Amino acid sequence: MQRLGRRVKRRIRAGQRVIMQSRELCALFDIDIDKLEALLLERKLPFHKDSHGQIWASIDAKTTTAGPH
C-alpha cells in the first residue's frame, strides 16, 4: 500500500490525438475520398482500413485545429 504523503513520479503526456474516419479525414485534408489512402501513405501517417473499407487514423489534435498549411 502506498502512503498518501509520498511524491508520485509524473509522466510528461504525449500530445493529444483524435481518431477520425474517412469523411472527417477528407474534410481535414480537403481531398477526395479516392485519394485519401495515397495521401496518408505519402505523409507516412498510420491508418487502419476496416472490413468495410472505412479508413481510420489517429491524428494529432494540433493538426485538426491549426487549419490549412
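**View 1. Strands β1 and β3 pair side by side in this predicted model.** Five bridges join β1 and β3, and the two strands run in the antiparallel sense. A good place to look is Q21, whose bridge partner in β3 is W56. Q21 belongs to β1, which covers residues 17–21. Leaving out residues up to four places away in sequence, Q21 touches Q54, I55 and W56. Is Q21 buried or exposed? Its relative accessibility is 16%, and because buried means under 20%, Q21 counts as buried.

**View 2. Three strands make up an open sheet.** Now widen the view to take in the whole sheet, where the strand order is β1-β3-β2 and the pairing is antiparallel. β1 and β2 stand at the edges with a single partner strand each, so each of them has one side without a neighbour in the sheet. From one strand to the next, the twist averages 20°.

**View 3. The side chains of β3 take turns between two faces.** In a regular strand, side chains alternate between the two faces of the sheet. Which residues of β3 point to the buried face? They are I55, A57 and I59. W56, S58 and D60 point to the other face, and these three are not buried.

**View 4. β2 and β3 form a hairpin.** Here the pairing is antiparallel over three bridges. Two pairs of residues help you find your way: F47 stands opposite A57 of β3, and K49 has I55 of β3 as its bridge partner. Between the two strands of the hairpin lie five residues. In this hairpin, G53 takes a positive phi near 85°.

**View 5. A salt bridge links K49 and E37.** How many salt bridges does the structure hold? There is one, and in the pair K49 and E37 the closest N and O atoms are 2.8 Å apart. K49 sits in strand β2 (residues 47–49) and E37 in helix α2, so the salt bridge ties together parts that are 12 residues apart in sequence. Both ends can be described by their accessibility: K49 is partly exposed at 42%, and E37 is partly exposed with a relative accessible area of 29%.

**View 6. Helix α1 lies across β1 and β3.** The helix runs at about 110° to β1. Within α1, which spans residues 22–29, the buried residues are S22, L25, C26 and F29. Why are these four on the same side of α1? They cover an arc of only 100° around the axis, which puts them on one side of the helix together. An α-helix has 3.6 residues a turn, so residues three or four places apart point the same way. Turn to the other side of α1 and you will find R23 and A27, which are exposed. The cover over the buried residues of α1 includes β1, α2 (36–42) and β3 (55–60).

**View 7. D30 and K44 are two loop residues with positive phi.** Where is D30 found? This residue lies in the loop between α1 and α2, just after α1. Its phi is near 50°, a positive value in a residue other than glycine. D30 is exposed, with a relative accessible area of 72%. K44 lies in another stretch, the loop between α2 and β2. K44 is not a glycine either, yet has a positive phi of about 55°. At a relative accessible area of 73%, K44 is exposed.

**View 8. The whole chain brings these close-ups together, with three helices and three strands.** Starting from the N terminus, the elements follow the order β-α-α-β-β-α. The protein has 69 residues, of which 19% count as buried. Its accessible surface comes to about 6,500 Å², and 52% of that belongs to carbon and sulfur atoms. Among the contacts with a separation of 6 or more, 50% come from residues 24 or more positions apart.

Notes. Residues numbered from 1 in each chain as written. Predicted model: local features only at pLDDT ≥ 70, side-chain atom pairs only at ≥ 80, totals over all residues. Heavy atoms only, no water. Buried < 20%, exposed > 50% of the residue type's maximum accessible area, 1.4 Å probe, protein only. Contact = heavy atoms within 4.5 Å. Arc of directions from axis to C-beta. Areas by Shrake-Rupley, 256 points an atom, 1.4 Å probe, with all protein chains shown as cover. Salt bridge = Lys/Arg side-chain N within 4 Å of Asp/Glu carboxyl O. Pairing = 2+ DSSP bridges. Axes fitted to C-alpha atoms, helices over the stretch in contact; angles between N-to-C directions.
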